[in-house]
Amino acid sequence: MNKLISTLMSTNAGYGITLLRIVTGLTFAAHGAQKLFGWFGGYGLEGVAQWMESIGITPGYLMAALAGSAEFFGGLALVVGLLVRPAAVSLLVSMVVAAVTVHWANGFFITNNGFEYAMILGLISAVLIIEGAGKLSLDRAIAR
């Protein structure tokens with residue numbers, strides 16, 4: 001079990017990944033808070049669920065709860081640097097689903113509601129899966 005924990009939480013990444021992880025985590029947590037709680041001008045779980053149902057993502061309430069939870073709790077995990085790789089996997093899946101189901105038909109640019117933003121957040125998540133949490137993280141402290 002120690003080998004699994006060490007592998008999951010190990011990182012050789014530097015301070016740059018730490019900065020990228022924290023800023024990305026705050027971004028994801030804010031988007032998740034919009035979906036779950038209606039904070040920051042969001043629609044909350046009911047509103048997001050209705051919207052998801054309207055575009056064919058069903059069951060809307062479950063999907064809204066999953067997306068919002070992945071973003072909010074995954075974002076918080078990135079901020080503190082705890083279980084960053086599993087959190088980044090859930091965030092990557094969320095961004096791939098968003099890019100394919102919501103943004104792809106609108107093209108690349110975010111100004112047309114395209115997939116560019118979801119792609120960049122997904123790419124950062126993939127980098128965190130590969131590199132780990134970085135020097136200033138709970139993962140690194142636990143892995144030692």
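The exchange below goes through the fold, helices and loops of a predicted model.

Colleague: What pattern does the chain follow along the sequence?
Modeller: This is a predicted model. The chain has 7 helices and 0 strands. Read from start to end, the pattern is α-α-α-α-α-α-α.

Colleague: What radius of gyration does the chain have, and why does it agree with a compact globule?
Modeller: The C-alpha atoms fill a box of roughly 50 × 30 × 25 Å along the principal axes. For 144 residues, a compact globule would have a radius of gyration near 15 Å. The chain agrees with that, at 16 Å.

Colleague: Among contacts between residues at least 6 apart in sequence, what percentage joins residues at least 24 apart?
Modeller: As background on burial, 38% of the 144 residues count as buried. For the contacts between residues at least 6 apart in sequence, the share that joins residues at least 24 apart is 66%.

Colleague: How much of the accessible surface belongs to carbon and sulfur atoms?
Modeller: The accessible surface of the chain comes to about 8,000 Å². The part that belongs to carbon and sulfur atoms is 70%.

Colleague: How far apart do the centres of the positive and negative side chains lie?
Modeller: The chain has 7 positive side chains and 6 negative ones. Taking the centre of each set, the distance between the two is 20 Å.

Colleague: What is the distance between the end C-alpha atoms of helix 4, and why does it agree with the number of residues?
Modeller: Helix 4 covers residues 60-80, which is 21 residues. At 1.5 Å a residue, helix 4 should span 30 Å. The distance between its end C-alpha atoms agrees, at 30 Å.

Colleague: Which helices do the buried residues of helix 4 pack against?
Modeller: The buried residues of helix 4 include Gly60, Ala64, Gly68, Phe72, Gly75 and Leu78. Residues three or four places apart in an α-helix point the same way, because there are 3.6 residues a turn. The buried residues of helix 4 pack against helix 2 (15-37), helix 3 (44-54), helix 5 (84-103) and helix 6 (116-131).

Colleague: Is Glu71 buried or exposed?
Modeller: Glu71 is found in helix 4. Leaving out residues up to four places away in sequence, Glu71 touches Phe28, Ala29, His31, Gly32, Lys35, Leu91, Ser94 and Met95. The cut-off for burial is under 20% relative accessible area. Glu71 has 5% relative accessibility, so it counts as buried.

Colleague: How far is the C-alpha atom of Glu71 from that of Ala87?
Modeller: Glu71 and Ala87 are 16 residues apart along the chain. Their C-alpha atoms are separated by 8.9 Å.

Colleague: What is the reach of helix 2 from its first C-alpha to its last?
Modeller: Helix 2 has 23 residues, for which 33 Å is expected at 1.5 Å a residue. Its buried residues, among them Arg21, Phe28 and Lys35, pack against helix 3, helix 4, helix 5 and helix 6. The reach of helix 2 is close to the expected value, at 32 Å.

Colleague: Is His103 buried or exposed?
Modeller: His103 has its place in helix 5. Not counting residues up to four places away in sequence, His103 touches Ala98, Asn113, Gly114, Phe115 and Ala118. With 16% relative accessibility, His103 counts as buried.

Colleague: Which glycine just after helix 4 takes a positive phi?
Modeller: Just after helix 2, Gly38 takes a positive phi of about 75 degrees. Just after helix 4, a positive phi of about 75 degrees is taken by Gly81.

Colleague: What is the relative accessible area of Phe40?
Modeller: Phe40 sits in the loop between helix 2 and helix 3. Its phi is positive, near 55 degrees, in a residue other than glycine. Phe40 is exposed, with a relative accessible area of 61%.

Colleague: What is the relative accessible area of Leu83?
Modeller: Leu83 lies in the loop between helix 4 and helix 5. Leu83 is not a glycine, although its phi is positive at about 55 degrees. Leu83 is partly exposed, with a relative accessible area of 38%.

Colleague: Is the peptide bond from Thr58 to Pro59 cis or trans?
Modeller: Pro59 is found in the loop between helix 3 and helix 4. The peptide bond from Thr58 to Pro59 has omega near -10 degrees and is cis.

Terms used
Residues are numbered from 1 along each chain as its sequence is written. This is a predicted model: local features need pLDDT of at least 70, side-chain atom pairs count only at pLDDT 80 or more; totals for chains, interfaces and linings use all residues. Side-chain values use heavy atoms; hydrogens and water are left out. Helices (H or I, at least four residues) and strands (E, at least two) are DSSP runs, numbered from the N terminus. The radius of gyration is taken over C-alpha atoms; the globule rule is 2.2 Å times the number of residues to the power 0.38. Buried means under 20% relative accessible area, exposed over 50%, partly exposed in between (1.4 Å probe, protein chains only). Contact means heavy atoms within 4.5 Å. Accessible areas come from the Shrake-Rupley method with a 1.4 Å probe; for residues, only the protein chains shown count as cover. Lys and Arg count as positive and Asp and Glu as negative; His and the chain ends are not counted. The place of a charge is taken as NZ of Lys, CZ of Arg, CG of Asp or CD of Glu. The expected span of a helix is 1.5 Å times one less than its number of residues.
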